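Please explain how this protein chain is put together, going from single strands to the nonpolar cores and the charged pairs. Running paragraphs would suit me best.

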Amino acid sequence: MAQFRLNGSKMLAVDLAGETIRALNGSMVAYEGQMAFKRQGMTGGEGLRGALKRRIAGEGMTLMEVTGQGTVYLASEATEVTLVPLNGDTLYVESESLLALDGRLQTGVQFVGLRGMGTGQGLATTKVEGHGTVAILSDGPAIALEVTPQTPLCVDPHAYVAHHGHLQQDVVSDVNWRTVLGQGSGESVQFRYQGQGLVYVQPAERGGILEI
């Protein structure tokens, strides 16, 4: 099994003994040993149907396969890296926040409507499922916030990175006269999560303002 580990907070090291991982295209900064790199092309490892879904939804993801014996080091624009272990469950993550994943994991497209529009990622997000490790990126250290049936969570869409667990998501609008008069929260739309699971947020907002 490929071994994922952090080398500092902004670089991922993956130890390979013949295994294959998938990583963000162009994210390799160094490697030791013998490595082979193969860009997955337009299908991203999901087949033509998966590629078509991404094109329709406006969800972009370009990955490469890395296979070898040794250690490969991955990073992207000095952003923070967080490791998320999956044990048969599903992680939903913005495609721009996906750095690398175990080759045994399956990826696909999850249509999410307004949530995707709020983050500038179109109408869908990427889902990763199975057994293995996922490395995600964030602008600043990612913070994992727990959601329980007793404590639902509201998140700024521009700070959202990923979530997993048994969670239901909907959009909460805060447009009222207090907002118009400048006395509201300043966030016209939030994503609300209910159920049991974790939501990963970053301590910075993506560019763009969502208006409804």
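**A walk through the predicted model**

Met-28 lies in strand β3, which covers residues 28–39. The model is a predicted one. With a relative accessibility of 31%, Met-28 counts as partly exposed, because that class runs between 20% and 50%. On the surface, Met-28 joins Tyr-31 and Phe-37 in a nonpolar patch. Together these three residues have about 250 Å² of accessible area.

The chain as a whole gives the setting. Three helices and twelve strands make up its secondary structure elements. There are 212 residues in the protein chain, and 44% of them count as buried. The accessible surface comes to about 10500 Å², and carbon and sulfur atoms hold 53% of that area. Among contacts with a separation of 6 or more, 80% are between residues 24 or more positions apart.

Next comes the start of the chain. Strands β1 and β2 pair in the antiparallel sense, over four bridges. One of the bridge partners is Leu-12 in β2, which is matched with Leu-6. The hairpin of β1 and β2 has five residues between the strands, and there Gly-8 takes a positive phi near 80°.

Leu-12 also appears in the interior. In soluble globular proteins, nonpolar side chains tend to be buried together. The largest nonpolar core here has 17 residues, and Leu-12, Val-14, Ile-21 and Leu-74 touch the most other members. Strands β2, β4 (63–74), β6 (98–102) and β8 (124–138) each supply at least two residues of this core. The most comes from β2, with five residues. Ile-21 shows what such a position touches: beyond its neighbours within four places in sequence, its contacts include Phe-4, Val-14, Leu-16, Val-66, Val-72, Leu-74 and Leu-101. Glu-65 and Gly-103 are also among the contacts of Ile-21. A second core, separate from this one, has 14 residues, including Leu-86, Leu-98, Leu-101 and Val-134.

The charged pairs remain. Side chains of opposite charge can pair when their charged atoms come close. How many salt bridges does the model have? The count comes to three. In one of them, the side chains of Arg-5 and Asp-15 meet with N and O 2.8 Å apart. This pair links distant parts of the chain, with Arg-5 in strand β1 (residues 3–6) and Asp-15 in strand β2 (residues 12–24), ten residues apart. Both ends are partly exposed: Arg-5 has a relative accessibility of 35%, and Asp-15 has 23%.

Arg-192 and Asp-170 form another salt bridge, at 2.9 Å from N to O. Here too the pair links distant parts of the chain, since Arg-192 is in strand β12 (residues 189–201) and Asp-170 in strand β11 (residues 160–173), 22 residues apart. Arg-192 counts as partly exposed at 31% relative accessibility, as does Asp-170 at 21%.

The remaining salt bridge joins Arg-104 to Asp-102, with the closest N and O atoms 3.1 Å apart. Is each end of this pair buried or partly exposed? Arg-104 is partly exposed, because its relative accessible area is 45%. Asp-102 is buried, because its relative accessible area of 4% is under 20%.

Methods. Residues numbered from 1 in each chain as written. Predicted model: local features only at pLDDT ≥ 70, side-chain atom pairs only at ≥ 80, totals over all residues. Heavy atoms only, no water. Patch = residues over 30% accessible without salt bridge, like charges linked within 9 Å, V, L, I, M, F, W, Y side chains within 5 Å. Areas by Shrake-Rupley, 256 points an atom, 1.4 Å probe, with all protein chains shown as cover. Salt bridge = Lys/Arg side-chain N within 4 Å of Asp/Glu carboxyl O. Buried < 20%, exposed > 50% of the residue type's maximum accessible area, 1.4 Å probe, protein only. Pairing = 2+ DSSP bridges. Core = buried A, V, L, I, M, F, W, Y, C linked by side-chain atoms within 4.5 Å. Contact = heavy atoms within 4.5 Å.
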